Amino acid sequence: MAAKKKKYTVAQAGLGNRGKVHLLGIKGNSDRLDLTAVCDINGDRLGFISKEFGIEPEKAYTDADKMLAETNPDIFVFVTQPDLRIDMIKLAVKHNIKAAAFEKPMATSIKEAAEITKLCEQNNIKAIVSHQQKYLTSMQKMKSIVDSGEVGDIVQINVSTKAWMSQLGTHFMDYAIWANNGHRANWVVGHVHGTGKLTDSHPSPDYIMGQVEFANGVRLFLENGYLSKSRMGEDKFWVDNRLTVYCTKGYAWAETDGAWGACINGRIEGGQGKLWGEQEPGLQTPYFADFVNWLDDDSKVHPCNIAVTYHGYEILEALCVSALDNTPVYLPVNPDEMPDIIQRIKTELKLQM
């Protein structure tokens, strides 16, 4: 008879729209995850969510520090604004939490991203970042075609998103690395412009474009922002994107809104899965299932692990530096020598206007 697997306790801070989706993912793994406490500074939201997910009143908090101190969970999930990521990880370290899951972007600067990664490594915290669109049916179909070998070896990847860098750019950089089987980048060259999004909660230049060479020779061509090619119209802004993997014998592509296509041995294929709005509520379920598998077994590393997330963040920041310095940037970068890229873009791009 197989041994009964451990059930992990979970405490979550942040109960907004994305926070509720994370809660659905935890609930979708109720055989392995036990949601024991929640936290939000909004008392009305806290009461509503606590009732909906069956949290006892004494386990509903407005202070994450107090929640972790009193509940000592196995997993700390936090769904906060980007500028709070580092503070939440420091709380995880303070309370000896060994597993953390949080939203993208992982930070607002390369120095913060590096510190978060270092804190997790030094304190044996298994951490994942919610690049959950890997679990879309369209993305899974694209990856399965590429991995099958039917379209040959990867030579180039193209990424285009209408949403800006710190919104969908971080997602699709991660998916490009995933599609290319985790190979790291050698160098980047980039272009950035536009100051409108620099004061957004997810700060970013309005548009970024660049080229990345990976260690296996594959080139990535990327663009995020308002000048990116539109395929769907303004009402589909948040799902107006595409990742295409070109190979020696064909290609395969996927979009957030469920569509996919491929050319396999000269044969054109394609399909339309469920739309983003239909799939989104369920994406955190396999995401957390893979997290449980990693917690059970060190060899089953989560596809959204913090190491690959940090490298994607590093690439995007390097693209910005390349644009401002008018030179290629070779990776890895030393985060201690990197500028505060958002502040630098604010200063230098406004001076050019």
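**Figure 1. Helices that line the largest cavity of the predicted model.** In this predicted model, the helices α7 (165–179), α9 (306–325) and α10 (341–352) each supply at least two residues of the lining of the largest cavity. That lining is made up of 13 residues, and those lying nearest the cavity centre are Met165, Ser166, Pro203, Tyr313 and Glu317. The space enclosed there amounts to about 120 Å³, and the lining divides by class into nine nonpolar, three polar and one charged residues. When cavities of 30 Å³ or more are counted, the model has two.

**Figure 2. The second largest cavity and the residues around it.** About 60 Å³ of space lies in the second largest cavity, to whose lining α7 and α9 each supply at least two residues. Of the contributing elements, α9 gives the most, with four residues. The lining consists of Lys104, Pro105, Met106, His131, Thr170, Met173, Asp174, Val308, Thr309, Gly312 and Tyr313, which fall by class into five nonpolar, four polar and two charged residues. Tyr313 is thus named among the lining residues of the second largest cavity and also among the residues that lie nearest the centre of the largest cavity.

**Figure 3. Strand order in the open sheet.** Six strands form an open sheet with parallel pairing, and their order across the sheet is β3-β2-β1-β4-β5-β6. The edges are occupied by β3 (60–61) and β6 (126–129), each of which has a single partner strand, so one side of each is left without a neighbour in the sheet. In general, strands of a sheet pair through backbone hydrogen bonds, in either a parallel or an antiparallel arrangement.

**Figure 4. Pairing of β1 with β4.** Strand β1, covering residues 8–13, pairs with strand β4, covering residues 75–78, in the parallel sense, and four bridges join the two. Within this view, Ala13 stands opposite Phe78 in β4.

**Figure 5. Helix α1 lying across three strands of the sheet.** Helix α1, which spans residues 17–27, lies across β1, β2 (33–39) and β4. With respect to β1, helix α1 runs at about 170°.

**Figure 6. Helix α8 lying across five strands, β1, β2, β4, β5 and β6****.** Helix α8, formed by residues 276–296, lies across these strands, of which β5 covers residues 99–102, and runs at about 165° to β6. The strand β6 used for this angle is also one of those that stand at the edges of the sheet.

Note on methods:
Residues are numbered from 1 along each chain as its sequence is written. This is a predicted model: local features need pLDDT of at least 70, side-chain atom pairs count only at pLDDT 80 or more; totals for chains, interfaces and linings use all residues. Side-chain values use heavy atoms; hydrogens and water are left out. On a 1 Å grid over the protein atoms alone, a cavity is a set of points where a 1.4 Å probe fits but cannot get out, and a pocket is an open set with protein on both sides within 12 Å along at least five of seven lines; lining residues have an atom within 4 Å of a point. Grid points are joined across faces, edges and corners, and a volume is the space filled by probe spheres set on the points. Ala, Val, Leu, Ile, Met, Phe, Trp, Tyr, Cys and Pro count as nonpolar, Asp, Glu, Lys and Arg as charged, and the others, Gly among them, as polar. Two strands pair if DSSP finds at least two bridges between them. Contact means heavy atoms within 4.5 Å. Axes are lines fitted to C-alpha atoms, for helices over the stretch in contact, and angles run from 0 to 180 degrees between N-to-C directions.
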